[in-house]
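Reader: I would like to look closely at one part of this protein before I think about the rest. Please choose a part, go through it slowly, and then place it within its wider surroundings.

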Amino acid sequence: MARPSTSSTAARVKPSARRNVLPGRLSPSMVCDTAFRIITRRHLAAVLAQHDGTCRGDPEALHQIRIALTHLRTAIRFFSPMVDDAVRPEVWTELKWLNSQFGMVRDLDVAIERVIAESGGELTVIAELQHWDEKRAESHRQLARALQSARYRRLVGQTSAWIESGPWSTRRSKEAIRLRRCTLADHATAKLTEWEKTLLKKARKLRKLDVEKRHKLRLLNKRLTYSIESLDDLFADESLAKQKSILKQLRKAQKSLGQLNDDARGQALAASLNETVPEAGIRFRNRKREKKLLRTASRAYHKLDKAKPFRSADLAPNAEPED
């Protein structure tokens, strides 16, 4: 069966052109419903931009589409409860489904890179790589089918329509109107403070966490990091240094936790090769490496804990509320 061309695929999944005209950048005094649309439009567009490259098997496109999708899902969380309407659970379920399609291929890409980096050209490793590559090829075929499916096209159309004019945008209760009209600076300050407090509380127990709880900590870290990145337009020159400092520590922790998660996923994947490559899982078990990564993440969280939290003034210096 012939693969759809780039142009025909893009035409089928392109969001509706009938959209409200929005500012090109975020501003501190911008109301939250406008900010939500700007941020989510950006991330949905980034997902679509990497669609064809991912279908062709480009590992970098796959990496970028996963990042864009995580940004999009994080933005939906960030603007909760404003966007919590009857349609949101269905949108969320479909975005979660799409995210699950990427996971296996990305895990295999990371595992293969690890094997190659440590191979040294040994024949046993070459045999091992053949099995990893076979698994990767089959997983990518499944992913490409998902990205070319009617379900994917419906997901894009439904998500785009919900962003623009979902029930959340027209509810007339006082609370719903208040949430939509709240300034972005006030909402962002409250949400970033809440998420940072939760992250640091859990991070203090990092060395005692099992693999699953450590993975959940990593997701909290990513949520805070991506939210700050999405709000990049807001940071004035005087607050840029604080933003960069906080992101530096979050990214250090994220990298270490990500490598620990890759090791855990690699062990799980290697277990499936035990019959043909009995030693496959060994390269993903390294206690010395684990201790080093945990130490790096712990130091990053300690520095983050000492930093001053975001204040509304950081995001809205001398700003006047919009009408």
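Author: A residue counts as exposed when its relative accessible area is over 50%, as buried when that area is under 20%, and as partly exposed in between. Threonine 170 has a relative accessible area of 51% and is therefore exposed. This residue is found in the loop between α7 (150-165) and α8 (174-181), and its C-alpha lies 9.6 Å from that of arginine 180, a residue 10 positions away in sequence. Please keep in mind throughout that the model is predicted.

The part I would choose for the close look is the crossing of two helices, α4, which covers residues 59-78, and α9, which covers residues 184-203. Two packed helices are described by the angle between their axes together with the distance between those axes. Here the axes come within 11 Å and cross at roughly 105 degrees. An angle of 65 to 115 degrees counts as roughly perpendicular, and α4 and α9 are therefore roughly perpendicular to each other. From α4, the residues that take part in the contact are Thr74, Arg77 and Phe78, and from α9 they meet His187, Ala188, Lys191, Leu192 and Trp195. Sorted by class, this contact is made up of 4 nonpolar, 2 polar and 2 charged residues.

Helix α4 can also be followed towards other parts of the chain. Threonine 40, which lies in helix α2 (residues 32-49), touches Leu72, Ala75 and Ile163, if residues up to four places away in sequence are left aside. With a relative accessible area of 0%, threonine 40 falls under the 20% limit and so is buried. The side chain of threonine 40 also reaches the backbone oxygen of arginine 37, at 3.4 Å. Beyond α4, the chain enters the loop that leads to α5 (88-117), and proline 81 is found in that loop. The peptide bond that joins serine 80 and proline 81 is cis, with omega at about 10 degrees. Farther along, in helix α5, lies serine 100, which counts as partly exposed because its relative accessibility is 45%. Serine 100 and leucine 143 are 43 residues apart in sequence, while their C-alpha atoms are 9.5 Å apart in space.

A residue in the later part of the sequence can be set beside these. Alanine 300 is found in helix α12 (residues 287-306), and, at 2% relative accessibility, it counts as buried. Its contacts, again without residues up to four places away in sequence, are Gln249, Lys252 and Ala253. In the case of glutamine 249, the C-alpha atoms of the two residues are 4.9 Å apart, although 51 residues separate them in sequence.

As for the wider setting, the protein has 13 helices and 0 strands. Of its 323 residues, 49% count as buried. Among the contacts with a separation of 6 or more, 79% are between residues 24 or more positions apart. The accessible surface comes to about 17100 Å², and 51% of this surface belongs to carbon and sulfur atoms.

How values were computed: Residues are numbered from 1 along each chain as its sequence is written. This is a predicted model: local features need pLDDT of at least 70, side-chain atom pairs count only at pLDDT 80 or more; totals for chains, interfaces and linings use all residues. Side-chain values use heavy atoms; hydrogens and water are left out. Axes are lines fitted to C-alpha atoms, for helices over the stretch in contact, and angles run from 0 to 180 degrees between N-to-C directions. Helices (H or I, at least four residues) and strands (E, at least two) are DSSP runs, numbered from the N terminus. Angles under 35 degrees count as roughly parallel, over 145 as roughly antiparallel, 65 to 115 as roughly perpendicular and the rest as oblique. Contact means heavy atoms within 4.5 Å. Ala, Val, Leu, Ile, Met, Phe, Trp, Tyr, Cys and Pro count as nonpolar, Asp, Glu, Lys and Arg as charged, and the others, Gly among them, as polar. Buried means under 20% relative accessible area, exposed over 50%, partly exposed in between (1.4 Å probe, protein chains only). Accessible areas come from the Shrake-Rupley method with a 1.4 Å probe; for residues, only the protein chains shown count as cover. A polar contact is a pair of N or O atoms within 3.5 Å; within protein, one must be able to donate a hydrogen and the other to accept it, and residues adjacent in sequence count only if both atoms are side-chain atoms.
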